[in-house]
Every structure is written in structure tokens, then in C-alpha cells.
Amino acid sequence: MKYGYGQIYWGKKAFTADPMVYPLNESSAYERLMGKQSGATIADLYPNYDIGEAENKQSQKVRAIDVSLKVRQASSNILVTITFHNKSNKNYFINGHSLPTETGIAFSLMCGSSFLITTNDIKLDYLGRSCDFGDDLRNGWNIIEPGKHFSFTVPLNFAYEFLPGKHQYQIGSLEYAIATEQWFDEKIMFNTMFRVFEIRSTCPIKADLPLVFEERWLCPQYNVGDGIRDDLEDMGFNGDSGEYYFEIRTNQVSISIDADKNTSYHQYLKKYGRKNIKIL
């Protein structure tokens with residue numbers, strides 16, 4: 001993909017009050033990526049797929065869990081339905097950052113960029129919100145019991161701006177993080193172990209400096225366990241065992257969507273405001 005679409009202020013060269021197709025290599029997102037990752041290309045810009053199609057199908061087969069995607073245009077909404085089917089004999093947990101919120105009345109039902117939507121070398125920007133699930137390890141995970149289905153439908157145009165007119169889109173979900181009960185137990189064990197390493201040294205107050213100097217009160221602390229933790233995580237001792245934690249994504253569909261001002265994210269936002277947008 002060479003171009004992006006959706007954001008109004010996509011980079012330093014943005015000059016309109018409406019979304020426009022813009023070159024990804026001139027975007028602020030690409031500039032930030034280059035600052036963090038030397039040698040990065042526009043192909044590395046999020047969102048993109050982390051796992052290939054063959055790996056995805058194999059993982060679903062081995063883990064005995066399926067996930068599928070369907071898209072349809074209904075009136076002024078572009079609706080996507082995701083369905084999980086747990087065919088295994090164990091509980092699976094799906095990370096909530098890729099799932100919709102529970103209230104159904106927020107501006108964006110999604111909690112983060114959950115889909116890759118493209119058309120003619122253009123990638124749509126995610127414009128919705130993110131969700132805070134707190135620090136509790138168990139928060140933000142949805143359980144699917146053995147033999148059960150879990151399905152949800154969200155309006156894509158509440159989080160993405162589609163190009164006006166009729167266009168052929170390719171739509172697929174990004175990866176869903178899946179965990180088992182054992183993953184939570186293992187994660188708690190490793191987090192407890194790492195806390196033991198968090199031994200901090202102390203230093204005396206710098207009494208020789210005047211009170212007006214902030215440095216008088218600075219007492220640097222050194223976490224002597226950081227190196228140990230990094231070494232263990234590099235060796236895979238981090239509680240993210242591939243046996244208990246994995247990722248899968250849906251199929252990709254091709255669909256013709258005819259968008260106008262009634263399906264426009266930005267137009268709806270201007271008319272009703274963020275707090276008043278609800279699913280109709």
C-alpha cells in the first residue's frame with residue numbers, strides 16, 4: 001500500500017479540512033516509525049498482518065478454533081460481523097482490545113484498530129478510540145467455552161472513513177490474541193518472579209546543594225533486576241508460552257461499497273458530535 005485515507009491532519013503537507021488520499025511516505029505516522037525503527041518502510045506501517053495466511057489457517061486447525069468475517073452495507077452503515085467457534089475441549093480467552101465495548105452507545109464500538117481495509121493501493125486509517133482495561137490481568141478478556149460461539153457486529157463507518165462513491169474493498173481482521181487458563185497462571189508466576197528482581201539501591205540526599213537547586217532532592221534509583229529480566233525475556237521466560245498463547249485472524253473478503261455523506265465518519269461527527277453517535 002502506498003497511500004492512506006481518513007485522517008485530516010495526516011502530516012506536515014496536509015492542507016484541506018476534509019480527508020484526502022495522501023502518500024504514506026509523507027505522513028507523520030511514517031516519520032514517527034522511522035524515528036523508532038531504522039530502515040523501516042511504508043509496508044511496516046500499522047495496521048498490517050503479523051502472520052501469514054498459511055500460519056493463520058494452521059493455528060486455527062491445531063487449536064480447534066475458527067474465526068470468520070462477513071461484511072454488508074445496510075442503509076447508512078457498513079457492518080462487519082465476526083464469529084468465533086471454539087471447537088476444542090478447553091476455555092479460550094480473547095483479548096478485549098480487538099473486541100467492541102459492552103455499552104453499545106460509545107462513538108466507536110471498537111477499542112482499537114481491528115481491521116485492515118484497503119482499496120486500489122489505499123489503506124484506510126483507524127479513526128476510533130482505544131479502551132483502558134486497567135492493570136488487572138483478567139480485565140479485558142472475553143471467554144469462549146468449549147463448543148460455544150461468540151459473535152459481534154460493529155459499524156465500520158464509526159471508525160473508518162470510506163472514500164466517496166463506489167469502490168471495491170478488501171477487508172480482513174487483524175490478529176486476535178487468544179489465551180488459555182494456563183497462560184494467566186504462567187503470567188502471574190512470571191510477574192511475581194520479576195518483582196523479586198526489582199531491588200533498588202538508595203543514595204544519600206545531596207545536602208551540599210542549595211535548596212533552590214532541584215538536584216538537591218534528586219536521588220537516582222537503580223533497578224538491578226532490569227538486566228536479568230531482559231535476559232530472561234529474550235530467552236522466552238516471559239509467560240507468553242506459544243502453548244498457551246497464540247494469534248489468529250479472519251478470512252479476507254472483497255466487497256463493493258458505495259459510500260456518501262450518510263456513511264461518512266467525519267460528516268456524522270460534525271453533525272452530531274462524538275457523544276451523540278449511536279447505532280441505529
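Are Y126 and Y160 buried or exposed? Keep that pair in mind while the tour works towards it, and remember throughout that the model is predicted.

**The whole chain**

Begin with the whole protein coloured by secondary structure, which comes to five helices and 13 strands. Of its 280 residues, 40% count as buried, and among the contacts with a separation of 6 or more, 72% are made by residues 24 or more positions apart.

Now switch the colouring to pLDDT, whose mean over the protein is 81, with 72% of the residues reaching 70 or more. Among the elements, β7 has the highest mean pLDDT (98), whereas helix α4, residues 226–234, has the lowest (54). Select residues 103–108, over which pLDDT stays under 50 although the model has 17 contacts for them beyond four places in sequence. Add residues 211–217, where the pLDDT is also below 50 and where the model has ten contacts beyond near neighbours in sequence. Where pLDDT is low, the predicted coordinates should not be read in detail.

**The four-stranded sheet**

Next, display strands β8, β5, β11 and β12, which form an open sheet in that order with antiparallel pairing. At the edges are β8 and β12, each of which pairs on one side only. Ignoring direction, neighbouring strands of this sheet are turned by 30° against each other on average. Zoom in on β11, residues 176–179, which four bridges join to the antiparallel β12; here Y176 stands opposite I248 of β12. Then bring in helix α2, residues 53–63, which packs on the sheet by touching β5 and β12, its direction making about 125° with that of β12.

**Aromatic pairs**

Show the aromatic side chains, among which the count comes to twelve pairs. Select Y92 and F246, an edge-to-face pair with 5.6 Å from centre to centre and 80° between the planes. Y92 belongs to strand β5 (residues 92–95) and F246 to strand β12 (residues 245–248), so this pair ties together parts that are 154 residues apart in sequence. Both Y92 and F246 are buried.

Move on to Y126 and Y160, which also pair edge-to-face, at 5.6 Å centre to centre and with 65° between the planes. Because Y126 lies in the loop between β7 (122–124) and β8 (141–144), and Y160 in the loop between β9 (149–155) and β10 (165–173), the pair ties together parts 34 residues apart in sequence. As for the opening question, Y126 and Y160 are both buried.

Two further selections involve aromatic rings. F93, W141, W183, F184 and Y245 can be picked together, since they form one aromatic cluster. At Y49, look for R249, which lies over the face of the ring at 3.9 Å from its centre.

**A last stop at V21**

Finally, centre the view on V21, in the loop between β1 (3–5) and β2 (22–23). Why does V21 count as partly exposed? Its relative accessibility is 34%, and the partly exposed class covers what falls between buried, under 20%, and exposed, over 50%. Draw a distance from the C-alpha atom of V21 to that of Y3, which are separated by 6.4 Å although the two residues are 18 residues apart along the chain. Which residues is V21 in contact with, leaving aside its neighbours within four places in sequence? They are Y3, G4 and Y5, together with I122 and L163.

Methods: Residues are numbered from 1 along each chain as its sequence is written. Side-chain values use heavy atoms; hydrogens and water are left out. Helices (H or I, at least four residues) and strands (E, at least two) are DSSP runs, numbered from the N terminus. Buried means under 20% relative accessible area, exposed over 50%, partly exposed in between (1.4 Å probe, protein chains only). Contact means heavy atoms within 4.5 Å. Rings of Phe, Tyr and Trp (its six-membered ring) pair if their centres lie within 6.5 Å; planes under 30 degrees apart count as stacked, over 60 as edge-to-face and the rest as tilted. A charge sits over a ring if NZ of Lys or CZ of Arg is within 6 Å of the ring centre and within 35 degrees of the ring normal. Two strands pair if DSSP finds at least two bridges between them. Axes are lines fitted to C-alpha atoms, for helices over the stretch in contact, and angles run from 0 to 180 degrees between N-to-C directions. pLDDT is the predictor's confidence in each residue, from 0 to 100.
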